[in-house]
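Hi,

Here is the model we talked about, with some notes on what turned up in it. Have a look at it first, then read on.

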Amino acid sequence: MEYNHRAIQERWQKYWADHQTYRIENDSSRPKYYVLDMFPYPSGSGLHVGHPLGYIASDIIARFKRLQGFNVLHPMGYDAFGLPAEQYAIETGQHPAETTKKNSIRYREQLDKIGFSFDWSREVNTSDPKFYKWTQWIFLQLFDSWYDADADKAKPIQDLVEAFEIGGSSAVNANSSFEGTFTAADWKAMSPKEREDVLQEFRLTFLKESTVNWCPALGTVLANDEVKDGLSERGGHEVVQRKMLQWSMRITAYADRLLSGLDSLEWTDSMKEIQRNWIGRSQGAKVFFDIVDSEHQIEVFTTRPDTMFGASFMVLAPEHPFIEDLCTDDKKEEVSKYQKWAEGRSERERMSEVKEVTGAFTGAYAVNPMNGEKLPIWISDYVLIGYGSGAIMAVPCGDQRDWEFARHFNIPIPNIIEGHDIEVGALEDKGASLCNSGFLNGLKATEAIPLAIEHIAKEGRGQARINYKLREAVFSRQRYWGEPVPIYFEDGIPKGMSESDLPLELPEVDQYLPTEDGDPPLGRAENWVTKEGFPIELNTMPGWAGSSWYFLRYMDPHNETDFVGKEAVDYWGQVDLYVGGAEHSTGHLLYFRFWTKFLFDRGFIPFDEPARKLINQGMIVAEDGHKMSKRYGNVVNPDDIVEQYGADALRLHEMFLGPIEDHKPWNTKGIEGVYRFLKKFWRLYTSEDGISREKANAAELKSLHQCIKKVSEDIERYSLNTCVSTFMICVNELSELKCTKAEILEPLAILISCHAPHIAEEAWSRLGHTESITTAEFPKFNPEFLKEDSKTYPVMFNGKRRYEIVVPADMPKDEVEKLALEHEYAEKWLEGGAPKKVIVVPGKIVNVVL
RNA sequence: GCCCGGGUGGCGGAACUGGUAGACGCGCUGGAUUCAAAAUCCAGUUCCUUCUGGGAGUGCGGGUUCGAUUCCCGCCCCGGGUACCA
């Protein structure tokens, strides 16, 4: 009987849909397992064969865990807000909701054809008001929270207000951007606006005038991770720095926990490393430098306070606020010329001209607190306003950049490192001993740093400090197609809407473009005001808002009173396996962790990391080695493969291409191999003799149990490609044995059902079952059937294999050795001499050392 | 530059804790079946070789070991991340 993949997959896909086979309940009597895929943005071009790779892998795991008795949550949905739909809307006037709907229907059709075991009753869509109501709600929780550094967690803003009323600013220790001090009396005397200005420095989402990546072509602000090489990641347009009033997320409050949390995660080393670098924690000190003839003190951050005796100048970022005050009259022109030049340079220019040394002298001098030396104050764009305090003490002997700057502008380079030649360059090695450094002479960095910090702290000039590269995450987007920010402005004071006013639905607009005044598209909406008539925020949220918490919604997707019910989240807990692309390393995956930690802090969920295990599926490139894209005309559509070879062949082939995490080329020829295998598998179940109920023999059981062992182990370690070869080996052996016995073919069908569910269901029903194979139990491996009577040992002479001996499996070592040397060829290889040593590794090899 | 990965036949890849390198599949070669084809099946397929056998071989060069794709040191190449972060 022919293997008719079309009839089989149609039949079972219909059966699964009709019987809601993959629908699951939040049933706490069984152990749970949560397998999540990064949900797709439903683009207009549909899926190509590269897209389902991760979904197939996660589906195999989901099916495997289900067969092992777990209650498996394996949902799918759409990350539906985004730029392409909006761009399309601008071009065609079609509402983005319509194109998004159309595209997601197309995605669903394509996904259904591949036979995934998603519970579609839990589908989420981030652009659905029922979903984004809760995105807005979480935003409001962030708005209503501050970070208590002593408790190391987020708390309600009300607690902060109460603390201020009792003890002023010194009553709290917060991860905030607030820098002044005030007493309780001061606080009480403040106007509502003044108080709010203070609170904004503490809120976890807050309004801030900040320098942002403005993309004129896209008409919006981009996050740092949306900018690549100074161009927009989407579209490759120019990006310039611009100051705007923006909503930001105080992700920096979580920097330390985002870093330390990595240790508990089973993510790849490279993924963790990328996040570590992105967070960029560095430990050092902040030090205040006095300035000659000025009231100002300049704060610098240094990781090497031990080298402070070697400071010979100071550099401020061109945007540093003190420059205007400090600059002497004769230098004003040159300094402002430099500032203008630096400002005008785009990100891209800065990057391509990294090596060029530029700067200007302000005419002012600071005082080195260690030795009282006068330090000329320069400005240069190698110092960044956004990192540390935007100012550095330059130690040309100990820092290569400072050394190059000093060389270029003929600034002295005092030597503070024993035995070092300053003509060669700076010495950044922490193992070297200091000299010309007063009380630090003779010490190494590790010894000198604490002493230096202690010294400056005693003098009241600074203290130990930790800095991060991680920036606050800009949250505003000047777009239409995103979640409206649920904030209104009462007399200029931003206020959160009440929960009962959510969802704040996207209003209709006549065009999806900015207004003539340059306001975002929401500025076109009529009556975009609250009931009381207060204006509502015009910006929308970025793409990553919905994806930062969607995994929680799947647990309880129809809950109307909560973003997720307590029982549901207690039951499902963390994602056990998360599968998605590595390109989300510094965007989604960081925000995802941040929001999870926040929701944990505020007691809404019982865990503070969203996903315990992460797999980054590799990319499938086209056969020509290019990325699959319309441009190259090399796109392979899964629909075509499914039509020609079937969904099972597609699934098997994608897995068979190689390890899930590797990048690999698509190989159309190769699918013939797995198709042939499926036909061979099919023949086992459809032989003319029918299915036999006889007892299986030793050879059949051995073949089956080898397969069970290997497949169980391989799935467990996510080695899904080697499973396929294991199936092939087993089917080849059973074909050879002409096996038609149900005792063997039943468990075999279950084994393969994770990878190839359609043919497995069909085979299962042919064996007489009336229930879906998904209700079966994964077969257990029995080592009894693998026992061998004899063992073939390779006999090696000096590590080279010369012949083999076959001996009883349980033969003791010394007898194996004896037999090996009694072999007819032994004489020849011994060349008359006696072996120096014979190594017998039981069950493995015999090695004769001459 | 710095930080992570990774280099195995014509190709995709396997070898999980150091123990017969190249499983499984693709491709290729030869054969069976067939009027012919498709489909199916069988045999062979790392390279060199003086072929009942021998030698070399997992990017390159060293080392540890009875034994190294696997561990250590140095180098080369490819992929990813990052870009003056003080």
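Let's start with Phe563, which touches a long list of residues beyond its sequence neighbours: Trp134, Trp137, Ile138, Trp549, Leu552, Arg553, Leu599, Phe604 and Ile605. Keep in mind that this is a predicted model. Phe563 is among the residues with the most contacts inside the largest nonpolar core, along with Leu552, Met555, Tyr578, Trp595 and Leu748. That core has 159 residues. A second core lies apart from it, with 55 residues, including Val300, Ile377, Ile411 and Ala426. As background, nonpolar side chains tend to be buried together in soluble globular proteins.

Leu748 also turns up in helix α25, as one of its buried residues. Why call α25 (residues 742-752) largely enclosed by the rest of the structure? Because 9 of its 11 residues are buried. The buried ones are Ala742, Ile744, Leu745, Pro747, Leu748, Ala749, Ile750, Leu751 and Ile752. Their cover includes α2, α22, α23 (698-716), α24 (720-736) and α26 (757-766).

Now the sheet. There is an open one of 4 strands, in the order β2-β1-β20-β21, and the pairing is parallel. Its edge strands, each pairing on one side only, are β2 (71-73) and β21 (614-615). Helix α2 (residues 52-67) packs on this sheet and touches β1 (32-37), β2 and β20, with its direction at about 170° to that of β1. Strand β20 (residues 577-579) runs parallel to β21 and is joined to it by 2 bridges. Within that pairing, Val579 has Ile615 of β21 as its bridge partner.

Val579 comes back when you look at Ser58, a residue of helix α2. Leaving out residues up to four places away in sequence, Ser58 touches Val35, Asp37, His74 and Val579. Is Ser58 buried or exposed? Its relative accessibility is 0%, so Ser58 counts as buried.

On to the rings, since there are quite a few: the structure holds 58 aromatic pairs. Tyr3 and Tyr675 make a tilted one, 5.9 Å centre to centre with 45° between the planes. This pair links distant parts of the chain, 672 residues apart, with Tyr3 in the segment before α1 (5-19) and Tyr675 in helix α22 (residues 670-685). Both Tyr3 and Tyr675 are buried.

Another pair is Tyr55 with Phe116, which is edge-to-face because the planes lie at 85°, with the ring centres 6.1 Å apart. It too links distant parts of the chain: Tyr55 is in helix α2 and Phe116 in the loop between α4 (96-113) and α5 (129-143), 61 residues apart. Tyr55 is buried, with a relative accessible area of 8%, and Phe116, at 7% relative accessibility, counts as buried.

There is also an aromatic cluster made of Phe39, Tyr550, Phe551, Tyr554, Tyr578, Phe592 and Phe607. Tyr578 should look familiar, as one of the residues with the most contacts in the largest core.

If you care about charges over rings, there are two to check. The charged end of Arg203 sits over the ring of Phe143, 4.0 Å from its centre. Lys709 lies over the face of Phe781, at 5.8 Å from the ring centre.

Last, some backbone geometry. Most residues other than glycine have a negative phi, and most peptide bonds are trans. Which bond is cis, with omega near -5°? The one from Leu502 to Pro503. Pro503 is in the loop between β19 (493-496) and α16 (544-547).

Asn527 lies in the loop between β19 and α16 as well. Asn527 has a positive phi of about 55°, although it is not a glycine. At 66% relative accessibility, Asn527 counts as exposed.

Gln20, another residue other than glycine, has a positive phi near 45°. Gln20 sits in the loop between α1 and β1, and is partly exposed, with a relative accessible area of 44%.

That's the lot for now.

Cheers

Definitions and conventions
Residues numbered from 1 in each chain as written. Chains lettered and ligands numbered in written order. Predicted model: local features only at pLDDT ≥ 70, side-chain atom pairs only at ≥ 80, totals over all residues. Heavy atoms only, no water. Pairing = 2+ DSSP bridges. Contact = heavy atoms within 4.5 Å. Axes fitted to C-alpha atoms, helices over the stretch in contact; angles between N-to-C directions. Buried < 20%, exposed > 50% of the residue type's maximum accessible area, 1.4 Å probe, protein only. Phe/Tyr/Trp six-rings, centres within 6.5 Å; stacked < 30°, edge-to-face > 60°. Lys NZ or Arg CZ within 6 Å of the ring centre and 35° of its normal. Core = buried A, V, L, I, M, F, W, Y, C linked by side-chain atoms within 4.5 Å.
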